[in-house]
Each structure stands twice: as structure tokens, then as C-alpha cells.
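Subject: Structure handover

Hello,

Here is the structure for you to look over. My notes follow below.

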Amino acid sequence: MSTLSLRIPDSLHRTLKSAAEQDGVSINQFVSLAVAEKLSALQTYNLIAERAAKGSRESFLKAMSTVPSGEVIEGDEIPSRAKRKTSQ
């Protein structure tokens, strides 16, 4: 395990301490979890970006054409604003 010395403003430290107490964990554990969450989000973004770069509109439309049509379930309607964008 590594040690990290971190300088943060007193106000942020107070807020951090309070949040860690509310979560029932130490400041170290709270910060470690926050860093892990951020790194996970960045890795997920990078993975999606890599996969998107390999795709094409043509293959997306081909895949979507295999979806059977049917009744639209209430709440699943395409917003009218989005309809205008897709029809262009």
C-alpha cells in the first residue's frame, strides 16, 4: 500500500471529514473509494469511446432493422425534438 500526502483547503477537509463520518468510514477509505469510482468512470468512458470508434452508422442501422416493430409502450415514445433530428 502507498502513502499519499495531499494538500486540500480546510473547508474541503471539513466537508470530507463530515461525509466520511456520515458514511461510517475513515477519511482514507472515503478518498480511496472516491478515487476508485472516478477511475472506473474514466475507464468505462474510454471503453465506450473505443467501441464507438469501431462502429459505423450503417452497421447500427442494419442491426436496428432486425428489431421487430410493435406497439410502443407508454413512456417509450421518441420525443418530438429527437424525431426532428433523426429525420434529417
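The largest pocket has a volume of about 430 Å³. Please keep in mind that the model is predicted.

The pocket

A total of 13 residues line the largest pocket, and those closest to its centre are Leu4, Ile27, Asn28, Val31 and Ser32. Two elements each give two or more residues to this lining: helix H1, spanning 10-23, and helix H2, spanning 27-54. H2 supplies the largest share, with 5 residues. By type, the lining residues split into 8 nonpolar and 5 polar. None of them is charged.

Helix H1

H1 is 14 residues long. From first C-alpha to last, H1 reaches 20 Å. That is close to the 20 Å expected at 1.5 Å a residue. Glycine 24 follows H1, and the phi of this glycine is positive, near 75°.

One residue of H1 to pick out is alanine 19. Is alanine 19 buried or exposed? Neither label fits: its relative accessibility is 23%, so alanine 19 counts as partly exposed. The cut-off for buried is under 20%, and exposed starts over 50%.

I also checked alanine 19 against isoleucine 78. In sequence, the two residues are 59 residues apart. In space, their C-alpha atoms are 40 Å apart.

The chain as a whole

How many helices and strands does the chain have? The secondary structure comes to 4 helices and 0 strands. Read from the N terminus, the order of elements is α-α-α-α. The radius of gyration is 23 Å, whereas the globule rule gives 12 Å for 88 residues. The value is well over the rule, so the chain is more spread out than a compact globule.

The box around the C-alpha atoms is roughly 55 × 30 × 25 Å along the principal axes. Of the 88 residues in the chain, 2% are buried. The accessible surface comes to about 8,700 Å². Carbon and sulfur atoms account for 55% of that surface.

In brief

For the pocket, start from Leu4, Ile27, Asn28, Val31 and Ser32, the lining residues closest to the centre. For the fold, keep the 4 helices and 0 strands in view, along with the radius of gyration of 23 Å.

Best wishes

Notes. Residues numbered from 1 in each chain as written. Predicted model: local features only at pLDDT ≥ 70, side-chain atom pairs only at ≥ 80, totals over all residues. Heavy atoms only, no water. 1 Å grid on protein atoms, 1.4 Å probe; cavity = no way out; pocket = protein on both sides within 12 Å on 5 of 7 lines; lining within 4 Å. Points joined across faces, edges and corners; volume = space filled by probe spheres on them. Nonpolar A, V, L, I, M, F, W, Y, C, P; charged D, E, K, R; others polar. Expected span 1.5 Å × (residues − 1). Buried < 20%, exposed > 50% of the residue type's maximum accessible area, 1.4 Å probe, protein only. Rg over C-alpha atoms; globule rule 2.2 N^0.38 Å. Areas by Shrake-Rupley, 256 points an atom, 1.4 Å probe, with all protein chains shown as cover.
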